[in-house]
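Visitor: Before I accept the terms used for this structure, I should like to hear the reasoning behind each of them. May I put my questions in turn?

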Amino acid sequence: MEDAGIYARESPYLERFVQIGIASGRVMSVSFPSAPEDNAGGEHELLDRVFAYLQSETDDFADVQVALTVPTDQRAVLETVRDVPYGEQLTVEALARMTPGLSGDEEDDQRTVRTALSENPAPLLIPDHRVRDGPSAAPPPVEQRLRSLEGL
């Protein structure tokens, strides 16, 4: 993977751009703007994979390193979400139960899960759209299309 830069490509399926930010070979951000950054490149191997996924090719992106500069409890939630398989979904409560150090019964733990999902720096790569009753860091139309793509 390229060391650093911003890359974007327009997705007809999402009706907006997919933009990734990379530093030191790790994904710093994934966003879905209506227009890309002025300095964004259009070619990147990860964008190729994302666009294959958007054409129904299964990819869990497990090998993609995402820089998670979030509090430890939120990092644990986001790392757990990465393990939810393509085409499967779960609830905030179930995700809290699955996350080391959290309990599904505690309201504070469920709040931690919701906060982690809403502040997810890399939606799609960290598939918060697979959490049925939680927020997504992706815009609602993108979240719905990702869910639809996976039959959720």
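Guide: The model is a predicted one, and its chain holds five helices and three strands.

Visitor: In what order do the elements of the chain run from the N terminus on?

Guide: The order is β-β-β-α-α-α-α-α. The helices and strands are named as DSSP runs, a helix having at least four residues and a strand at least two.

Visitor: How do you know whether the radius of gyration of the chain agrees with that of a compact globule?

Guide: For 152 residues the globule rule gives a value near 15 Å, and the chain has 15 Å, so the two agree. Along its principal axes the C-alpha trace spans about 45 × 30 × 25 Å.

Visitor: How much of the chain is buried, and how much area does the chain expose?

Guide: Of the 152 residues, 49% count as buried. The exposed area is about 7400 Å², and carbon and sulfur atoms supply 43% of that area.

Visitor: Which share of the contacts between residues at least 6 apart in sequence joins residues at least 24 apart?

Guide: That share is 53% in this chain.

Visitor: How far apart are the mean positions of the positive and negative charges of the chain?

Guide: The chain has 13 positive and 28 negative charges, and their mean positions are 3 Å apart.

Visitor: What makes a set of residues a nonpolar core, and which residues have the most contacts inside the largest one?

Guide: The term requires buried nonpolar residues joined through side-chain atoms within 4.5 Å. The largest such set here has 41 residues, and Val27, Leu54, Leu124 and Leu125 have the most contacts inside it. Strands E2 and E3 and helices H1, H2, H3, H4 and H5 each give two or more residues to this core. H1 gives the most, with five residues. In soluble globular proteins, nonpolar side chains tend to be buried together.

Visitor: Which residues of H1 are buried, and what covers them?

Guide: Leu46, Leu47, Val50, Phe51, Ala52 and Tyr53 are buried in H1. Their cover includes E1, E2, E3 and H5.

Visitor: Which residues of H2 are buried, and what covers them?

Guide: In H2 the buried residues are Gln74, Ala76, Val77, Leu78, Thr80 and Val81. H3 and H4 are included in their cover.

Visitor: Is Asp73 buried, partly exposed or exposed, and why?

Guide: Asp73, found in helix H2, has a relative accessible area of 36%. Buried means under 20% and exposed means over 50%, so with 36% Asp73 is partly exposed. Its C-alpha atom is separated by 8.8 Å from that of Thr99, 26 residues apart along the chain.

Visitor: Why is Gln110 called buried?

Guide: Gln110 lies in helix H4. Its relative accessibility is 13%, which is under 20%, and therefore Gln110 counts as buried. Leaving aside neighbours within four places in sequence, Gln110 is in contact with Val92, Glu93, Gly104 and Asp105.

Visitor: How is Thr115 classed, and on what value does this rest?

Guide: Thr115, in helix H4, has a relative accessible area of 26%. This value is neither under 20% nor over 50%, so Thr115 is partly exposed. Thr115 and Gln74 are 41 residues apart in sequence and 7.5 Å apart in space, C-alpha to C-alpha.

Visitor: What is the phi of Ser24, and why is Ser24 called exposed?

Guide: Phi of Ser24 is near 50 degrees, a positive value in a residue other than glycine. Most residues other than glycine have a negative phi. Ser24 is found in the loop between E2 and E3. With a relative accessible area of 65%, over the 50% limit, Ser24 is therefore exposed.

Visitor: Why are Ser56 and Pro71 called partly exposed?

Guide: Ser56 is found in the loop between H1 and H2, as is Pro71. Ser56 has 48% relative accessibility, which lies between 20% and 50%, so Ser56 counts as partly exposed. Pro71, at 45%, lies between those limits and therefore counts as partly exposed. Ser56 also has a positive phi of about 75 degrees, although it is not a glycine. The C-alpha atoms of Pro71 and Ala116, 45 residues apart along the chain, are separated by 8.8 Å.

Notes:
Residues numbered from 1 in each chain as written. Predicted model: local features only at pLDDT ≥ 70, side-chain atom pairs only at ≥ 80, totals over all residues. Heavy atoms only, no water. Rg over C-alpha atoms; globule rule 2.2 N^0.38 Å. Buried < 20%, exposed > 50% of the residue type's maximum accessible area, 1.4 Å probe, protein only. Contact = heavy atoms within 4.5 Å. Areas by Shrake-Rupley, 256 points an atom, 1.4 Å probe, with all protein chains shown as cover. Lys, Arg positive; Asp, Glu negative; His and termini not counted. Charge placed at Lys NZ, Arg CZ, Asp CG, Glu CD.
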